[in-house]
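Q: Got a minute to walk me through this one? I'd like to go over a few spots in it.

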Amino acid sequence: MEETSREAVATAVQRVAGMLQRSDQLDKVEQYRRREARKKASVEARLKAAIQSQLDGVRTGLTQLHSALLDVKDIQGSLADVSKDWRQSINTIESLKDVKDAVVQHSQLASAVENLKNIFSVPEIVQETQQLIEQAELLQAHRKLMELECSRDDLMYEQYRMDSKNTSDMNLISIYFEDVQSLSDELAKQLWMVLQRSMVTVRRDPTMLVSVIRIIEREEKIDRRMVDRRKQTGFIPPGRPKHWKDKMFQVLEHTVSTRIEGTQSVTREADKMWLVRLLEITRKYVVDDLIIVKNLMVQCFPPHYNTFNRFFSLYHAAVSARVKELASEDLEANEIVSLLTWVLNTYKSAEMMGHPDLFSECDINQLEPLLPKEVVDHLLSKYIQTFTLNITGWLRKALETDKKDWHKDSEPEADQDGYYQTTLPAIVFQMFEQNLQVAAQIDGEFKGQVLKLCLKQMNSFLIRYREEAVAYKEEHLRDRQLPPCYVHYMIAIINNCQTFKESINSLKRKYSQSSEPTESDAAIDKTLGGVAKDGCQFLLDEVFLDLEHHLNELLTRKWLSGSHAVDTICVTVEDYFNDFNKIKKPFNQEMTKEALRRVVVEYIKAVMQKRMSFKNADERREGAERMIREADQFSFLFRKLAAGEDTERLCGAITAIAEVFKLTDPTLLFLEVTTLVSKYPDIREDHIQALLTVRGDASREMRQMIIGTLSENKVASSAASQPIFRDIPVPTMSMTSMTSMATSKLLK
């Protein structure tokens, strides 16, 4: 109990400390006490209700247990009565054993008498059946075979019922009827031979084919009956189930496959057009056979066999297997074109599976592709392997040539609108256009594959292009005097990205079958955007390398005493952007916005680095006025450069900070800081600490009061506006936590 009490006291102390962290919260002590009293009363009420609910549940449970006990006693009595009656009936059951044995013996004798005639005539029936099979009288032969099997199966079943463990008698019956199984196998061979020649048989003697189907259907019924009897008795005759129906479909499938595989009459060595000839023979065989199936064979099979669709699927599977074999061979380029044209166009056209005589019986749109996508892709890849090797090497060579131009002493060429560019995009897409025209003559999907390959190669090329642009920048940083036209060619690289994008869209509109964006499109757009963004960043880095010395002068004593750093910054930026006007949209607009943002961020960063601290009100006023003038200079410059709507907001951040410095009445400092935070909600506490430190007259208590109050009333950041202060670092300052005097008094 003492430990529990101590834990409760410690918890209470923590809660009180949490509620009373500031002195102004002492006025609410009574309010807190009443609130805690209400919570305590609520908890006690819930606890009482829970205990009452548990008691009610226990009471109900005891009542149900008592009722169950009475039911168990009643059941126990009933079971005792049943046991007594069962013991009295045992003697009666044993007295009927002789009757049961007599019934079994009578059944066996009756079966023997019934099959006696067949048993003695087995050799004769076997010989007759053999002759009927040889004479192709299949229905008569099957009737005799069923008689033999029925006699054998009945004898075996009766023996199984009498003594299932007596294997010697079972073996004796099996030996006597051993020729029956041979007859069954011989009849099956005849059936499969008829089915193998079904296309010929159905035209010459359809009755023979009908007889075969009838025999198979009979065997299927016997199989089902025997399987059902095995479930009831555990006995099944030897050789059952025969599964002749499944075997029939296997034979038909093998027959179709053999017919399709036998269409090749010549080899490549004998005839260069061997593949075209083979595909044409295959087409003719498939169409002719399926027409026979539709007009003749369907009438020989039961309706539930769905004969036409089954044969349609068999021929499709056989052709697919044959085409896969051809695809796996070492085909030449023209043979790949012939094969893919046949697979992708001819196969589903009106010349073959979409033939007018077949169209009404099947849906060619439900057919699986003859070749899996990966095989088609492999063939396409093999066909354009030479193209791939050529374009890879050619793109590398084109890029090397373009790189040499980057080091020229003269500026790059400009288009009709005056934008810098190189010849690289025009050369690249001229080659793409030529190969896509060839692909379009082969097949629409093939054309799409070639387009995908071009886009894939384009993405790889752009990645290398980006790497070379980075290397170009790094080379320039090692000696900023070289290359002499670095800025101009970096502008051309950026403009090339826009030209690449327009050319890619043109190719897609002309050769793509779908207007939906693909992963490749997204990858190219991302890479192009990355190249352009890097180029813009490199140019801005070049600008800010020249501005670095002047940016370091901001918010220093030298700046306060009268520096021309901002004038130099504005002149330098304007001079660079005269060249940047050669950058195409939208990159020039984005670059102008980013330049403005970086200038403002660097300016604010200079404030946050606390390079100086104002000593008196005059310095604060003079520094604030200078900041306001310089903000106006930035605003005027970037409005002139068309930086966009954010110009006033970004430059306004400098003005808002200046207003904090300019304020003469320290008592209004909190209101001014609050205004700053409301305009720029991404500003952090360490930013405000830095501002107050630079201001120089804010006491420690005032800083803590401002920071604490703002922390309690944080303004949510707007997703619509780009943050300014978020990425601006502030040198760390250690702060001690404030002791809560109100909590200490309350605990006492």
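A: Sure, one term up front: buried means under 20% relative accessible area, exposed means over 50%, and partly exposed is in between, with a 1.4 Å probe and protein chains only. This is a predicted model, where local features need pLDDT of at least 70, side-chain atom pairs count only at pLDDT 80 or more, and totals for chains, interfaces and linings use all residues. Residues are numbered from 1 along each chain as its sequence is written, and side-chain values use heavy atoms, with hydrogens and water left out.

Q: Okay, arginine 283: buried or exposed?
A: Arginine 283 counts as buried, because its relative accessibility is 17%. It lies in helix H11, residues 274–295. Helices here are DSSP runs (H or I, at least four residues; strands are E, at least two), numbered from the N terminus.

Q: What does the side chain of arginine 283 reach?
A: The backbone oxygen of glutamate 351, at 2.8 Å. That's a polar contact, i.e. a pair of N or O atoms within 3.5 Å; within protein, one must be able to donate a hydrogen and the other to accept it, and residues adjacent in sequence count only if both atoms are side-chain atoms.

Q: And which residues is arginine 283 in contact with, leaving aside neighbours within four places in sequence?
A: Trp342, Thr346, Glu351 and Met352. Contact means heavy atoms within 4.5 Å.

Q: What about threonine 282, buried or exposed?
A: Threonine 282 is also placed in H11, and at 3% relative accessibility it counts as buried. Not counting residues up to four places away in sequence, threonine 282 touches Ile260, Thr263, Val319, Trp342 and Met352.

Q: Switching to backbone oddities. Where's the cis peptide bond with proline 483?
A: It joins leucine 482 and proline 483, with omega about -15 degrees. Proline 483 sits in the loop between helix H18 (444–478) and helix H19 (486–511). There's also a cis bond from lysine 585 to proline 586, omega near 0 degrees, and proline 586 is in the loop between helix H22 (565–580) and helix H23 (587–608).

Q: Which loop holds leucine 555?
A: The one between helix H20 (519–553) and helix H21 (557–562). Leucine 555 isn't a glycine, yet its phi is positive, about 55 degrees. Its relative accessible area is 2%, so leucine 555 is buried.

Q: And lysine 610, what's its phi?
A: Positive as well, about 50 degrees, and lysine 610 isn't a glycine either. It's in the loop between H23 and helix H24 (617–640). Lysine 610 counts as partly exposed because its relative accessibility is 22%.

Q: Let's do packing. How do the axes of H20 and H22 cross?
A: At roughly 170 degrees, coming within 9 Å. Axes are lines fitted to C-alpha atoms, for helices over the stretch in contact, and angles run from 0 to 180 degrees between N-to-C directions. H20 and H22 are therefore roughly antiparallel to each other. The cut-offs are under 35 degrees for roughly parallel, over 145 for roughly antiparallel, 65 to 115 for roughly perpendicular, and the rest oblique.

Q: Last one: how far apart are the centres of domain 1 and domain 3?
A: 73 Å, taken over C-alpha atoms. The assignment gives domain 1 (33–246), domain 2 (263–371), domain 3 (377–537) and domain 4 (554–712). Those bounds come from an automatic or database domain assignment.
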